[in-house]
Amino acid sequence: MDRIDFVKRIVGLGTGATLIVISVLMLLSGTRIPGAYLDYTISIGGTDKDFQLDLTLFIYFVIMFIGLGAVMVALKPSRLPDSVIVSYPVSRLIAGLLLFAMGVFFLVEYGVEFGGYNDVGNWFFLGGFSMFFPTGAFPLLVGAILLVISAFTYMKLNITRTPDHLVIDEMRFPRSMSVKIPLQDIQAMRLTNGRTGMRFLWVILFIIPVYFLYVDGFSFILNPDLYGMGTCGIFPFMDGAGECVGLAYLLSATVQLACMLLIVINSHYTIEIVTTDKLIEIPYYPINYKSLKRSNLAHVLFDDEGRGLPGEPVASIKQAGDVKRLACGALFVIIGIASRVFYLWAGEMLRFVLLIAGIIIFVDSMKNDLKFVNSRVDVRAIDEGRGYLLSGTGWLFKNDLYFQGVRQLSDCRKEDVVAANMKVQPRKLSIIDHLLVTAILFFIGFQGFPVGLLVPASMAGFMAARVGLVILTCAAIALAIMLNPVHVFKVKLGDCNFQVPVKMAAVQGVSPLVSLFINFFRKYKMAWQTHRVQMLWRMAEMAIAAGVGMLVSAIMLFV
C-alpha cells in the first residue's frame, strides 16, 4: 500500500466514523434539522389544518449509512482477488425504492386522516380512512422492509481451491464466515440461477391488493359518477374524484405488480455442494460484470473460464425447450381475468388460485424451460473419467454441474456416459407445484359441486357449456402439469437429483412437425411403462383434492 492510498483510507475511516458518531448523537438527543420538513394542509370538517412531514429521522439514517459505507470502503482490501464475487440484490433495492417512494407520495397527497371531510372522499365507508390506506400504506410498509433488508445483504464471496480443500469465505456486514470442505468428500456441485425458492411467496403477498386495486380502479374510471364529483388535486387533467381515485388505484397496482415481477423473475445464483454427509447451499447476487463472469463452476473449481481446463471433452448435450408450462400459466391468468370481466367460469376463490398459479407457473417456466431453447451443455471428463464437468453455454441462465467419484458415472465409458444415463420420466415437481395443482382441484370441486347440484335441469346444458367446459379445461391443464414427461440426463445421489433436459432425436423420414407429435406421445408411453405407479399416485392426488373440495362444499350447504 503506497502513501497516497494510506492517507485516503485514513481520511475515509475518519470521515465515516465522524458521520456515524454525529448521527447517533443527534438521534439520541432528538435534535431536529431546521427546514427538513414538508408542510401540507388537510381539510377536516371544513376546517383547514396544517401538518408537517418531518424528514429529520430519515436524514440521520442516511448520514449513518453513508458513514458505514465510508468505513467499509476504507477497510476493504486495496485489490480484490480474482476469485471474489461481489453480491448485492439490486432488484430488491429497486423494488423497495419504488414502493417506498410511491407510499410517501400518496402519504403526502392524501394524508392519514380518519373521518371528516376530504376533497376526494373516504375509503371503505363514509367518514372512513383517507385514500392513502388503499393506495400507499401497503407499498410504504413493504418498501421500508425491503430497504432495511437490502442495507444488510452486501456480501463478498471468495471460493478458492487448495490441494486438499475447497475454501469458502463469506464476508458480509456485520460478520464473516469461512468453511473448509475436504475435496475428497465432495460428490457433486451445482451452480444455477434458475431457482426461485421462497420468492413465490411474494406473488401470494401482492396478488390480493393488486387484484382489487385493478378491479376498483377500472370501475372508478369507467363509472366516475358512481364515486362522486369531488375535486381532484393529484391528477389535474382528470374531471373529478372518481377518475382521480381510479387512476391512483391503477398507478398503485401497476407499480406493485412491476415490483413483484422484478423480485420474482430476477434470479439469484445458488452454489450447491453435496458431500458424503451434508448439503451446503450458498445463495448470492452478482452485482457487476466481473462477478457475473466468475459465476461458473469452471472458474470456481479450476480458476478458469474454459481455456486450459483439465480433462477432455466427451459429449455435448442439446437441451430441450418446453413451452407447455408457459402456455398453461398464461392460460390460467387469462381465465382468471376473463372470469372477473364476464362473471363466468370461476368464483372468487378459484379465481385467486388461478391467478397465483398462473403467474408462478409462467415465471418458473421462463426461468427453467425457455432457457434451454437452442442451448447446449458441454460435458468434460476429468481425472480419466472419475469426474465430470457439465458447463452450460447459455448467457442468461446457467446450470453447471460437477460430479466426482460418482459410481453411476464412473462405471460407464467416457463416450457413453450421457447416453447411458438418459431416461424418460414424469417431470420432477416441487412442493409449490403440488400445492398449486392441489389448490386448483380443491376449488374446482368446491365450486363445481353446488353448480351441478343447484342448477335446474332446463339450464344444465347451458351451464355445462359455459362453466363445465372451462372447469374441465383447468383440470386438464393441471393434469398435464402433473404428468408432463421429460427426456433427461439424470444423476441421483441419495435424496438429490441432478437433471438436464435433453432434446429427443427427431423421427427419421417425417416432417419436423409430425416428428414433434410422435415424440410427444412416445414420451407419455415410455413414462407410463417405467413410472406407472408414480403417475397413478399423481392422478390420485388430484382426484382426492377435488373430492375433498366437493365434500367441504356439501358440508357447508347441508350442515
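Two exercises on the salt bridges of this structure follow, each with a worked solution.

The model is predicted, so that local features need pLDDT of at least 70 and side-chain atom pairs count only at pLDDT 80 or more, while totals for chains, interfaces and linings use all residues. Residues are numbered from 1 along each chain as its sequence is written, and side-chain values use heavy atoms, with hydrogens and water left out.

**Exercise 1.** Determine which parts of the chain the salt bridge of R190 and E272 links, and whether its residues are buried or exposed.

Solution. Start from the definition: a salt bridge is a side-chain nitrogen of Lys or Arg within 4 Å of a carboxyl oxygen of Asp or Glu. The side chains of R190 and E272 form such a pair, at 3.1 Å from N to O. R190 belongs to strand β7 (residues 186-192) and E272 to strand β8 (residues 269-275), 82 residues apart, where strands are DSSP runs of E with at least two residues and helices are runs of H or I with at least four, numbered from the N terminus. R190 has a relative accessible area of 11% and E272 one of 3%, and both count as buried (under 20%; exposed is over 50%, partly exposed in between, with a 1.4 Å probe and protein chains only).

**Exercise 2.** Work out which acidic partners R325 has in salt bridges, and where they lie.

Solution. R325 meets D364 at 2.4 Å, N to O; R325 lies in helix α10 (residues 324-342) and D364 in helix α11 (residues 348-368), so the pair ties together parts 39 residues apart in sequence. R325 also meets D433 at 3.8 Å, N to O, and D433 lies in helix α13 (residues 431-454), 108 residues apart from R325. R325, D364 and D433 are therefore linked in a network of salt bridges.
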